Each structure stands twice: as structure tokens, then as C-alpha cells.
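Biologist: I would like to learn how to read the empty spaces in a protein model. Could we go through a case together?
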Amino acid sequence: MKVLKKDQLQIMLQVIITVLLFRFVLFENLIANLGLSKFFYGLFLLAIGVIMYGGVLLYRIVLQEEFPSKIFIKNSENAYYKYLAVNVLGIGISFFVANSINKTYYFGFFLALAAIIYLYITQWRKILVFDNIIYSLIISSPFFTLVSIDLMPSLQTNEIQMPEKQQLLTISLQICGLLWFLYFVKTILLDLKFMELDIKHQRKSLATLHGRLIGAKRTTYLSLLPLILIIAFCVVHLNLTYLIGYISLAVILPYLFYMMKLWNAKTTKDFDFVNNILNIIIWLTIFSIVVLFFNLK
């Protein structure tokens with residue numbers, strides 16, 4: 001599929017599938033009385049999508065200002081109004097989502113996301129490393145938001161299912177944290193892959209400053225951190241035998257192969273191959289949610 005060859009579209013697809021797996025495979029089949037009804041879950045997805053689309057509009061506006069000789073948008077003023085309207089719509093929908101669980105302060109998740117996207121596009125994307133951290137946080141924010149809104153409110157009630165919900169919340173947040181770290185490594189890897197293009201357009205990154213040879217070694221060392229997190233997760237949850245077996249075979253082994261290839265990567269083709277391996281690892285990590293369901297079931 002051509003969509004899988006484009007990183008941004010693939011990331012978008014990964015985000016959509018992850019939130020769907022969390023909700024319809026894991027949460028609905030294991031836990032009663034979730035925070036969001038199906039209707040408000042749909043509004044949750046709509047709010048996230050609208051706010052993200054607002055970020056795309058703002059990015060085009062900023063690009064038009066940075067490169068006036070090119071055409072990214074036809075009318076900057078109209079585009080600004082459209083951006084504001086889209087954000088108002090997304091934040092407005094998110095208020096109804098938060099109000100549906102009688103926790104209006106959860107509305108702050110969506111408001112913070114819109115603010116972070118604005119600051120990232122207008123200021124932070126030019127700050128080395130920090131821009132990678134924020135971009136990966138924006139990507140993974142729907143995971144954390146869904147898990148929090150669906151599971152945390154009901155933890156405040158006295159139920160027989162309380163221990164199960166607490167366990168599921170903890171494991172789900174750990175998976176979200178791991179996905180954030182993998183996306184963070186991926187952004188560093190993409191900088192190495194597109195280093196020549198960044199040099200052409202005079203964009204600064206760690207890759208353009210120190211080159212690919214140093215960058216490959218540095219990113220390999222950085223990739224040790226997610227590996228440590230994965231191993232620690234397995235040690236903590238040894239009772240989940242199916243999940244631990246799946247992670248050992250489908251995540252850890254490919255990850256070791258990825259690190260070996262990354263250490264020796266030098267050319268654009270090498271980094272493209274390594275990036276494809278990491279994409280597969282992210283997909284396999286996402287589908288661990290399905291294995292977790294069968295293990296807990």
C-alpha cells in the first residue's frame with residue numbers, strides 16, 4: 001500500500017488504529033461503565049481530528065510566510081480565520097466530551113493539545129531535540145487522552161471491578177509511554193534520513209550539525225532506552241505470559257536487529273531501511289494491545 005510508504009500518513013493510521021484497539025478490543029470487552037459512551041467516543045475522535053487539522057492549516061500558513069515565493073495557501077488572511085474557526089470547533093466539541101463524564105477539567109487535555117501544536121509550529125520546531133520531544137508528544141497525545149478519559153473517572157467510584165480497572169489503566173499508560181518513546185526515536189531517525197533535504201533548505205537538526213556517522217551511533221545509544229523500558233515492562237508483568245512471549249518474539253528480537261542495522265547505517269537508503277524496520281516494530285507494539293486482551297480475558 002502506498003499509504004504505508006509515507007511516514008506521516010502511516011503515523012496517522014497508527015494513531016487511529018491504536019485508539020480503536022484500546023477502546024473496542026481492550027476496554028469495552030473487559031471493563032463495564034467506561035467514561036465515554038460510544039457517541040461521545042465518536043465526538044472524542046472528531047475533536048482530536050479537528051484540532052490536528054487545525055495544526056496542518058497553521059503549518060501551511062507558517063510555511064507561506066517563510067517561503068513567500070512558493071504557494072502553500074492562496075490567501076493567508078482567510079487561512080488564519082479558517083484556522084481559528086477549526087480550533088474553536090475542536091475545542092468546543094471537546095468541552096461536550098469532558099462534560100459528558102462530569103469532569104469538565106478533562107477539557108484541559110484538548111486545550112493543551114491545541115496550545116502545544118500552536119507553539120510547536122510557530123516556535124518550538126526550530127529548537128533542536130526539544131522539537132522532536134514535542135512532535136512525538138503530539139503524535140501520542142490521543143493515546144494518553146483516551147486512556148485517561150475512559151478509565152480514570154470510573155476509578156473514583158466504589159466498584160468490584162476497581163482492581164481490574166487500576167491494572168488496565170497502569171498497563172495501558174505504560175504502553176502509551178513506550179509508543180511515545182518509539183515515536184521520539186523515530187523523529188530523530190527521520191532527521192538522519194532527510195539530512196540532505198534539510199541541508200538544501202537550510203533547516204537545522206542534530207543530523208545536519210554532526211553528520212550521519214555520529215548521528216547513527218548516537219541514535220543507537222538513544223534506542224537503548226526504549227529497549228530497557230520494554231525489558232522492564234516484561235519483568236514487572238511476568239504473570240502476563242502470552243503478552244511477554246509475544247513481546248519477546250515480535251518486539252525485542254526485531255528491535256535488536258533494528259539497532260544492529262542502525263549502528264552501521266550511512267546512506268539515505270540505509271536509514272530508510274532502518275526506518276521501515278522501526279515502523280514494523282511500532283505496528284507490532286500496537287498489536288500487543290490485542291494480545292493483552294486475550295491474556296487478561
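Modeller: Start with the wall of the largest pocket, to which helix H1 (7–30), helix H2 (38–66), helix H4 (107–122), helix H5 (130–151), H6 and helix H7 (195–200) each supply at least two residues. Keep in mind that this is a predicted model.

Biologist: Which helix gives the most to the lining of the largest pocket?

Modeller: That is H2, with twelve residues.

Biologist: How is such empty space found in general?

Modeller: Rolling a probe the size of a water molecule over the atoms shows where empty space is left. In this structure, the largest pocket has a volume of about 2,100 Å³. It is lined by 48 residues, and those closest to its centre are Gln-8, Tyr-59, Tyr-120, Arg-125 and Tyr-135.

Biologist: How do the residues of the lining of the largest pocket divide by class?

Modeller: There are 28 nonpolar, eight polar and twelve charged residues in that lining. Tyr counts as nonpolar in this scheme.

Biologist: What volume does the second largest pocket have?

Modeller: Its volume is about 200 Å³. The lining consists of 13 residues, with Gln-174, Leu-178, Leu-229, Ile-230 and Phe-233 nearest the centre. Two or more lining residues come from each of H6, helix H9 (224–236) and helix H10 (241–263).

Biologist: Which of the helices gives the most to the lining of the second largest pocket?

Modeller: H9 does, with five residues. By class, the lining of the second largest pocket holds nine nonpolar and four polar residues, and no charged ones.

Biologist: And enclosed space: how many cavities of 30 Å³ or more does the structure hold?

Modeller: One. A cavity differs from a pocket in that the probe fits but cannot get out. The volume of the largest cavity is about 40 Å³.

Biologist: Which residues line the largest cavity?

Modeller: The lining is made up of Ile-188, Asp-191, Leu-192, Leu-206, Ala-207, Gly-215, Arg-218 and Thr-219. Helix H6 (162–193) and helix H8 (206–222) are the elements that give two or more residues to it. H8 has the largest share, five residues.

Biologist: What is the make-up of the lining of the largest cavity by class?

Modeller: Four residues are nonpolar, two are polar and two are charged. Asp-191 and Arg-218 belong to this lining, and Asp and Arg count as charged.

Biologist: Then H6 is a helix to follow through the model.

Modeller: Yes. H6 gives two or more residues to the lining of the largest cavity, and at least two to that of the largest pocket. It also gives two or more to the lining of the second largest pocket.

Terms used
Residues are numbered from 1 along each chain as its sequence is written. This is a predicted model: local features need pLDDT of at least 70, side-chain atom pairs count only at pLDDT 80 or more; totals for chains, interfaces and linings use all residues. Side-chain values use heavy atoms; hydrogens and water are left out. On a 1 Å grid over the protein atoms alone, a cavity is a set of points where a 1.4 Å probe fits but cannot get out, and a pocket is an open set with protein on both sides within 12 Å along at least five of seven lines; lining residues have an atom within 4 Å of a point. Grid points are joined across faces, edges and corners, and a volume is the space filled by probe spheres set on the points. Helices (H or I, at least four residues) and strands (E, at least two) are DSSP runs, numbered from the N terminus.
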